[in-house]
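Trainee: Could you show me how to read a protein model, one feature at a time?
Mentor: Sure, let's pull it up.

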Number of protein chains: 2
Amino acid sequence: MRREVTLRDVAELAGVSSRTVSNVVNGYANVTERTRERVQRAVDELGYRPNVLARNLAQGRSGQIAVVVPYLDTPYFSELLQSVIRAARARGYNVLIDQTDGDPEHERAFIAHGSRRLLFDGVIFSPLGLDQQALADRDPALPLVVLGERTSDGGFDHVGIDDVTASRQATDHLLDLGRQRIAAIGDQPYATGEAAQRRTRGFRLAHQARGLVPREDLIISTPRFNRPDGAQAMAHLLDLAEPPDAVFCYSDLVALGAIRTIVSRGLRVPEDVAVIGYDDIEDGAYSNPTVTTISPDKEMIATTAVDRLLLRIASDTPPPGLEMRAPHKLIIRESTAGRTTATA
Amino acid sequence: MRREVTLRDVAELAGVSSRTVSNVVNGYANVTERTRERVQRAVDELGYRPNVLARNLAQGRSGQIAVVVPYLDTPYFSELLQSVIRAARARGYNVLIDQTDGDPEHERAFIAHGSRRLLFDGVIFSPLGLDQQALADRDPALPLVVLGERTSDGGFDHVGIDDVTASRQATDHLLDLGRQRIAAIGDQPYATGEAAQRRTRGFRLAHQARGLVPREDLIISTPRFNRPDGAQAMAHLLDLAEPPDAVFCYSDLVALGAIRTIVSRGLRVPEDVAVIGYDDIEDGAYSNPTVTTISPDKEMIATTAVDRLLLRIASDTPPPGLEMRAPHKLIIRESTAGRTTATA
DNA sequence: CTGAAAGCGCTAACAG
DNA sequence: CTGTTAGCGCTTTCAG
């Protein structure tokens, strides 16, 4: 690599100090129009490009934020990431993406003091299960925004939709349809399964509000929220003496897996079993049948998270941890309403 | 941010020079066991962490590679990305992900001389359509590996599967099934559509080898390779006087969109129309029906690309541009073989 | 409004 | 095997 054009080279050619060139390049105010022009000409002539690495070192910041998700190839995350990248870029930040594979150890390492420190100025974190231990070990100096609803433990922000309410609405929708035996797929009754547990809570609340009690054997736990999990859980449910006539799935992928099982047994959706998902991923809008779902406002989640993180990065005195809610809505499609709705 | 522990602090405490500390931290050989220990103790005591930014500047490299894809939320890319990230990380590199939204301007900017120069040491590029102009403008000093088959124009590498052969196999499969009127969805008869055109070539070759000539009105162009493209194209095909009895789709998403249209018209897959896709994304293994597809070895593509890029980064004299083929295979599922195959 | 100069923290010639 | 020291290229305090 041949020697690069430096700030000094430009300064020399323009007959000014490197300080002035720096001012011009960074668009600072204190420069005469005349000198600005002269410098600009020199910049163009030499083809000068600032060295990001040097700037980073001098400023002590990297201009990059990290986004940490469990799985990159899960549609919900990749759709969300897209919005985050766009938002960050619009604000002059690069995005470094990291995948934890759902490994709690990896998740923990990411927000703890690490050797990658300084490689990013802050982190937007979508934990699969972030336990109290991990939060206790975290580097308090690292600006952090966590995705997903949770009671903020202070020192960082949360952005997410109201899971309990959304889950209750989903369940209400099935109850409104007159379904009698509603199952839930995706519970995770252990420390790192808080998100799942909030959905289960909503599921129960919807029943209770009508004086009903959900059958415990219809609440199925799954290790993850993928198609295979849904397919397997559904197979189990259909083998019951009294199988469900509706299912609330904690993700659209789970719903797609469940639908697959239902159909492959020769049953019909929604006639025999109505299915509702969660996340509103694109797949669900094109599957057979299309999937009714809870749709979180991903764009809003992304921009809120980025804005809040940048604010946190910019502040000397860290702002208090905030709990932020993005809106969601129920989108009714064929898997609960039936084919009649389809016009496509 | 309070002052960080520096190399010098460690050196002072250990009573050695910073050079020696650097040697220890980087695991270089020339250090006595005794001093190494002493230094290590000092490192631990002070909780020293190397400053990546400073190292980058001193070394003139960033330890990051960029991966540029058209769309992050397209399953094929997100699945591929996952493998790339894993491979890069295993080799000590961070991955910076970028999305071009298929914008040729954006694609061009990425491999041209840019102000982001030095932020990454090399680029793995999956262009939607990389025209000759873009290649001409590229920064010849930037190590580059391009994904997707193409005749290498020198100075960079290509990694991809043999599109023509794969497409021919896909078409052969449909012909072997005895289908008479086979359509193709996804052609892109313009400069940036080379990948699509290779598939069309394979489609034609399969016909020619049997003395057949494909009907031109059954070869449909689409702007992208998504579900809506497939759905729309299929609608058009079904409106023809003599609709096809089989379709070769240039991506699984297109196939899923097409299937959606077929089914919503009350027709059956594969009885009325057999459908084959391309990419082997997870969706296709769980859809109704499951989708027969061409499955590229993504893991192989990713590791080959990363290895080759790192080699390129490490060499002073750039190696010649190589054309590398990853293996692929045909996976037969319900959309061509029928439900009988299904056991799930 | 502009110059001079001191770092940012680390690496790597060049001695010794 | 280890110390000295000169940068990497930019930002930024402090003068002027």
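Mentor: We'll go through the interface and then some backbone details, keeping in mind that this is a predicted model.

Trainee: Okay, how many residues does each chain bring to the contact?
Mentor: To read an interface, start by counting who takes part. Here chain B contributes 55 residues and chain A contributes 54 residues. Then look at area: about 5200 Å² is buried between chain B and chain A, with carbon and sulfur atoms giving 52% of that.

Trainee: Which residues in chain B lose the most area to chain A?
Mentor: Those are B:Leu53, B:Arg260 and B:Tyr286, which together make up 15% of what the chain B side buries.

Trainee: What about charges? How many salt bridges are there between chain B and chain A?
Mentor: For these, you look for a Lys or Arg nitrogen within 4 Å of an Asp or Glu carboxyl oxygen. The count between the two chains is nine. Try A:Glu334 and B:Arg260: their closest N and O atoms are 2.6 Å apart, and the pair forms a salt bridge. You've met B:Arg260 already, among the residues of chain B that lose the most area to chain A. There are also 17 residue pairs in polar contact across this interface, counting pairs with both residues at pLDDT 80 or more.

Trainee: Which helix of chain B gives the most to the side that touches chain A?
Mentor: Helix 5 does, with seven residues. Other elements supply at least two residues each, including helix 4 (52-59), strand 2 (94-99) and helix 11 (252-264) of chain B. By class, that side of chain B has 22 nonpolar, 16 polar and 17 charged residues.

Trainee: Now the backbone. Where do I find cis peptide bonds?
Mentor: Check the omega angle. From A:Val269 to A:Pro270 the bond is cis, with omega near 10°. A:Pro270 sits in the loop between helix 11 (252-264) and strand 9 (274-278) of chain A. In chain B, a cis bond joins B:Asn288 and B:Pro289, with omega about -10°. B:Pro289 lies in the loop between helix 12 and strand 10 (292-296) of that chain.

Trainee: And what is phi for B:Asp279?
Mentor: Look at the sign, and at whether the residue is a glycine. B:Asp279 isn't one, yet its phi is positive, near 120°. B:Asp280 isn't a glycine either, and its phi is positive at about 55°. B:Asp279 is in the loop between strand 9 (274-278) and helix 12 of chain B, and B:Asp280 is in the loop between strand 9 and helix 12 too.

Trainee: Is B:Asp279 buried or exposed?
Mentor: Buried, because its relative accessible area is 11% and the cut-off is under 20%. B:Asp280, at 16%, counts as buried too.

Notes:
Residues numbered from 1 in each chain as written. Chains lettered and ligands numbered in written order. Predicted model: local features only at pLDDT ≥ 70, side-chain atom pairs only at ≥ 80, totals over all residues. Heavy atoms only, no water. Contact = heavy atoms within 4.5 Å. Buried area = accessible area lost by both parts, 1.4 Å probe. Salt bridge = Lys/Arg side-chain N within 4 Å of Asp/Glu carboxyl O. Polar contact = N/O pair within 3.5 Å; in protein donor to acceptor, adjacent residues only side chain to side chain. Helix = DSSP H or I, 4+ residues; strand = E, 2+ residues; numbered from the N terminus. Nonpolar A, V, L, I, M, F, W, Y, C, P; charged D, E, K, R; others polar. Buried < 20%, exposed > 50% of the residue type's maximum accessible area, 1.4 Å probe, protein only.
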